[in-house]
Amino acid sequence: MKKLIIVVGIVIAIVGGLFIGMRIYTKSFSPADVATYSQEGMDISVRYSRPYKKNRVIFGGLVPYDKVWRTGANEPTVFTTETDLVIGEKTLLKGSYALFTKPGEDSWEIIFNQPIPSRGVKIPSGEAARDEAADALVIEVSAINTQNVFDQFTIDFESMHNEIDMVMMWDQTMVVIPITLQ
C-alpha cells in the first residue's frame with residue numbers, strides 16, 4: 001500500500017510539473033505586458049498577453065468577426081482604473097475589469113466585464129469566458145484599417161488635450177477607445 005501511495009504521488013508530481021512547464025512554454029509565444037497611463041489624475045493599467053501574427057490572417061481568421069474575443073492570449077486581459085472614467089460617453093466606475101472585445105470588419109464592441117474570470121476562455125469550447133449579464137460598460141468604436149502591419153498585438157495609451165486614447169493594434173487593424181476623467 002505504501003508503494004502505491006508513493007507511485008501515485010510521483011505520478012501526480014510529474015503531471016503537475018509538466019502542466020506548469022507547458023504553461024510557461026506556451027506563454028513564451030505571447031509574452032505578458034502591462035500598458036499604463038498615469039497623468040492628469042488618471043491611473044490606468046492594462047495587463048495583457050501579446051500574441052504574434054506569425055503570417056496568419058488575424059481578424060476574420062484566427063480571431064473571428066462578430067464573436068467575443070478575450071483580447072490577447074493566455075489569461076484574461078485586465079483593465080484597472082483608480083478613478084471613475086468616461087469611456088465613449090459612458091461612465092466606468094473605478095475598479096478592475098476583464099476587457100473583452102467583439103471585432104467586426106468596420107467596428108468593434110469594447111466590453112468591460114466583472115468579475116474577472118480565472119481563465120480567458122471556457123474549456124473545452126475555447127469561447128471567451130465573458131458573462132454578458134456582468135457587463136459594466138459596452139461601447140462601439142470604429143475599426144481602422146492601416147497600411148502598416150503590427151506583428152505583435154499591442155495596447156498603448158496616447159494623450160491629447162483632456163482626453164486620452166487607449167489604442168489596440170494588431171495585423172493591419174487599429175481601434176481607438178476615447179477616455180476622459182469623470
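**Fold, core and enclosed spaces of the predicted chain**

Of the 182 residues in the protein chain, 40% are buried. The model described here is a predicted one. Its secondary structure consists of one helix and nine strands, and along the sequence these elements follow the order α-β-β-β-β-β-β-β-β-β. Taken along the principal axes, the C-alpha atoms fill a box of roughly 70 × 35 × 30 Å. Among contacts with a separation of 6 or more, 57% join residues that are 24 or more positions apart.

It is helpful to turn next to the interior. In soluble globular proteins, nonpolar side chains tend to be buried together. The largest nonpolar core in this model has 33 residues, and Phe79, Ile87, Met166, Ile177 and Ile179 are those with the most contacts inside it. At least two residues of this core come from each of strand 1 (32-39), strand 2, strand 4 (85-87), strand 6 (95-103), strand 7, strand 8 and strand 9 (163-181). Met166 offers a good view of this packing. Residues up to four places away in sequence aside, Met166 touches Val46, Phe79, Leu99, Ile155, Asp156, Phe157, Val175, Val176, Ile177 and Ile179. Three of these partners, Phe79, Ile177 and Ile179, are also listed with Met166 among the core residues with the most contacts.

The loop between strand 2 (42-49) and strand 3 (78-81) contains Thr71, and this residue repays a closer look. Thr71 has a relative accessible area of 0% and is therefore buried. Its phi is near 65°, a positive value in a residue other than glycine. The side chain of Thr71 comes to 3.3 Å from the backbone oxygen of Leu99. Beyond its neighbours within four places in sequence, Thr71 is in contact with Thr77, Leu99, Phe100, Thr101, Phe153 and Met168.

Two further residues of the loop between strand 2 and strand 3 can be set beside Thr71. Lys54 is located in that loop and also has a positive phi, near 50°, in a residue other than glycine. Unlike the buried Thr71, Lys54 is partly exposed, because its relative accessible area is 45%. Gly61 belongs to the loop as well; with a relative accessible area of 36%, Gly61 is partly exposed. The C-alpha atom of Gly61 is 16 Å from that of Ala143, a residue 82 positions away along the chain.

Ala143 also appears in the account of enclosed space. The model has one cavity of 30 Å³ or more, and the space in the largest cavity is about 30 Å³. Its lining is made up of Phe59, Tyr65, Gly104, Glu105, Trp108, Ala143, Asn145 and Thr173. By class, these lining residues comprise four nonpolar, three polar and one charged. Thr173, one of the lining residues, sits in strand 9. Its relative accessibility is 12%, so Thr173 counts as buried. Apart from neighbours within four places in sequence, Thr173 is in contact with Phe59, Trp108, Ala143, Ile144, Asn145, Thr146, Phe150 and Met168. Among these contacts, Phe59, Trp108, Ala143 and Asn145 likewise line the cavity. Met168 is a contact of Thr173 and also of Thr71.

Open space is represented by the largest pocket, with a volume of about 510 Å³. This pocket is lined by 20 residues, and Val68, Trp69, Arg70, Val121 and Gly126 lie nearest its centre. The lining divides into ten nonpolar, two polar and eight charged residues. Gly126 is part of the loop between strand 7 (107-113) and strand 8 (135-160) and, at 46% relative accessibility, is partly exposed. Gly126 and Trp69 are 57 residues apart along the chain, while their C-alpha atoms are separated by 9.9 Å.

The backbone of the loop between strand 7 and strand 8 deserves a final remark. Pro115 lies in this loop, and a cis peptide bond with omega of about -5° joins Gln114 to Pro115. Pro124 is found there too, joined to Ile123 by a cis peptide bond with omega of about 5°. The loop that holds both prolines is also the one that contains Gly126 of the pocket lining.

Terms used. Residues are numbered from 1 along each chain as its sequence is written. This is a predicted model: local features need pLDDT of at least 70, side-chain atom pairs count only at pLDDT 80 or more; totals for chains, interfaces and linings use all residues. Side-chain values use heavy atoms; hydrogens and water are left out. Helices (H or I, at least four residues) and strands (E, at least two) are DSSP runs, numbered from the N terminus. Buried means under 20% relative accessible area, exposed over 50%, partly exposed in between (1.4 Å probe, protein chains only). A polar contact is a pair of N or O atoms within 3.5 Å; within protein, one must be able to donate a hydrogen and the other to accept it, and residues adjacent in sequence count only if both atoms are side-chain atoms. Contact means heavy atoms within 4.5 Å. On a 1 Å grid over the protein atoms alone, a cavity is a set of points where a 1.4 Å probe fits but cannot get out, and a pocket is an open set with protein on both sides within 12 Å along at least five of seven lines; lining residues have an atom within 4 Å of a point. Grid points are joined across faces, edges and corners, and a volume is the space filled by probe spheres set on the points. Ala, Val, Leu, Ile, Met, Phe, Trp, Tyr, Cys and Pro count as nonpolar, Asp, Glu, Lys and Arg as charged, and the others, Gly among them, as polar. A nonpolar core is a set of buried Ala, Val, Leu, Ile, Met, Phe, Trp, Tyr and Cys residues joined through side-chain atoms within 4.5 Å.
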